[in-house]
Amino acid sequence: MASRSSSRDDFARPVRRIVVGVILVLLGATFLFWRVDGPRAERVRAEIVDRVVPPMDWALVPVTKLVGMAEGFQSYARIWEQNQQLRRELRQMQAWKEAALQLEQQNAKLLDLNKVRLDPDLTYITGVVLADAGSPFRRSVLLNIGARDGIRDGWAATDGLGLVGRISGVGQTSSRVILLTDSNSRMPVTIQPSGQHAVLSGDNSRVPPLDFLEDSDQVRPGDRVISSGDGGMLPAGLLVGQVVLDSGGALRVRLAADYERLEFLRVLRSAPAGEIGTAGGLVAPSVQPQTVPLPAEAADG
């Protein structure tokens, strides 16, 4: 047995040496051939690469997949960080919006306390908004002031920030305000600074449209909308809102009044136009000429 194992070792050692030597020679020849600079050698190398490299694509698939997964994870991490940053900024903006609304309400209350009026000829009375028990209008509110307080139909109602609507229905102790957003509401307005006239038509939405606009090319989003006073129903110069452009390209008005927090409303007392009782009421009364007696006439008398 020992002789057989020794004979096998004696036979295997020369074979391993030969194989190793052949491999080293081939590697050396390959290295030298790969370093040879010549057009014929370059063509041979290109053919070898064309035949060997394409079949090795299957070995690169796991590496490519792993690289793609790593890049996707990094992209997801970046998107997550951006999402968190946007959430933080949104919370900050919501806090700023709430602070701005509170400041606007405080400003309106201060203006109310200081008796600030748009027109010195206008006076107002403040009422509390009551729970609405139903009405023929889809957008209206009730006030705890009525005929006993001198309220009349058609008077304007504001919340300190902007025009809310007009009185439509007066009882002894209560009155109803039809809002500008109601589908039955129509109000003439003026758009500044272009001075264009239009009609604000309620459509039961928070952003009513502008109808019968003279020249829409002169109106831009952000323009100020005020009451025009046409018809004598509402005073002129009351702030209504700002012009906005909806997704369909139509011009609408973002109302300045805060319809979600209607607690107190100011009803503006507008003096009605004088009634004409006679056919010549539009003509000023004639002034009787004053006669002065002459000195001669006075002496004769």
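Is aspartate 149 buried, partly exposed or exposed, and what is its relative accessibility? Aspartate 149 counts as partly exposed because its relative accessibility is 26%, where buried means under 20% relative accessible area, exposed means over 50%, and partly exposed lies in between (1.4 Å probe, protein chains only). Before going further, note that this is a predicted model, in which local features need pLDDT of at least 70 and side-chain atom pairs count only at pLDDT 80 or more, while totals for chains, interfaces and linings use all residues. Residues are numbered from 1 along each chain as its sequence is written, and side-chain values use heavy atoms, with hydrogens and water left out.

**Stop 1: the salt bridges**

Keep aspartate 149 selected and add arginine 148, whose side chain meets that of aspartate 149 in a salt bridge of 3.8 Å, N to O; the term stands for a side-chain nitrogen of Lys or Arg within 4 Å of a carboxyl oxygen of Asp or Glu. Arginine 148 is itself exposed, with a relative accessible area of 54%. The structure holds four salt bridges, and two others are worth selecting next, beginning with aspartate 203 and arginine 252, whose side chains meet at 2.9 Å, N to O. This pair links distant parts of the chain, 49 residues apart, with aspartate 203 in the loop between β7 (196-201) and β8 (210-211) and arginine 252 in strand β11 (residues 251-255). For these element names, helices (H or I, at least four residues) and strands (E, at least two) are DSSP runs, numbered from the N terminus.

Aspartate 203 is partly exposed at a relative accessible area of 30%, and arginine 252 is likewise assigned as partly exposed, at 21%. Now add aspartate 246, which meets arginine 252 in a salt bridge of 3.2 Å, N to O, between their side chains. Aspartate 246 counts as partly exposed at 25% relative accessibility. Salt bridges that share partners thus join Asp203, Asp246 and Arg252 into one network.

**Stop 2: backbone geometry in the loops**

Select asparagine 204, which lies in the loop between β7 and β8 and has a positive phi of about 65° although it is not a glycine. With 17% relative accessibility, asparagine 204 counts as buried. Move on to phenylalanine 212, in the loop between β8 and β9, where phi is near 55°, again a positive value in a residue other than glycine. Phenylalanine 212 is exposed, and its relative accessible area is 69%. Then select glutamine 192 together with proline 193, since the peptide bond from the former to the latter is cis, with omega near 10°; proline 193 is placed in the loop between β6 (186-192) and β7.

**Stop 3: residues apart in sequence**

Glycine 237 is found in the loop between β9 (224-227) and β10 (239-245), and is partly exposed with a relative accessible area of 30%. Select isoleucine 226 alongside glycine 237: the two are 11 residues apart in sequence and 5.4 Å apart in space, C-alpha to C-alpha. For another pair, take arginine 261, in the loop between β11 and β12 (264-269), and valine 129, which are 132 residues apart in sequence and 9.9 Å apart in space, C-alpha to C-alpha. Arginine 261 counts as partly exposed at 36% relative accessibility.

**Stop 4: a polar contact and a charge over a ring**

Select serine 140 in strand β2 (residues 140-143), which counts as buried at 9% relative accessibility. A polar contact of 3.0 Å joins the side chains of serine 140 and arginine 176; such a contact is a pair of N or O atoms within 3.5 Å, where within protein one must be able to donate a hydrogen and the other to accept it, and residues adjacent in sequence count only if both atoms are side-chain atoms. Next, show arginine 266 and tyrosine 124, where the arginine lies over the face of the tyrosine at 4.8 Å from the ring centre (NZ of Lys or CZ of Arg within 6 Å of the ring centre and within 35 degrees of the ring normal).

**Stop 5: the nonpolar patch**

Finish with Val15, Val19, Val20, Ile23, Leu24 and Leu27, which make a nonpolar surface patch of about 520 Å². Patches are made of residues with over 30% relative accessible area and no salt bridge, like charges being joined within 9 Å and nonpolar side chains (Val, Leu, Ile, Met, Phe, Trp, Tyr) within 5 Å; accessible areas come from the Shrake-Rupley method with a 1.4 Å probe, and for residues only the protein chains shown count as cover. Leucine 27, one of the patch residues, is found in helix α1 (residues 2-35) and counts as exposed at 54% relative accessibility.
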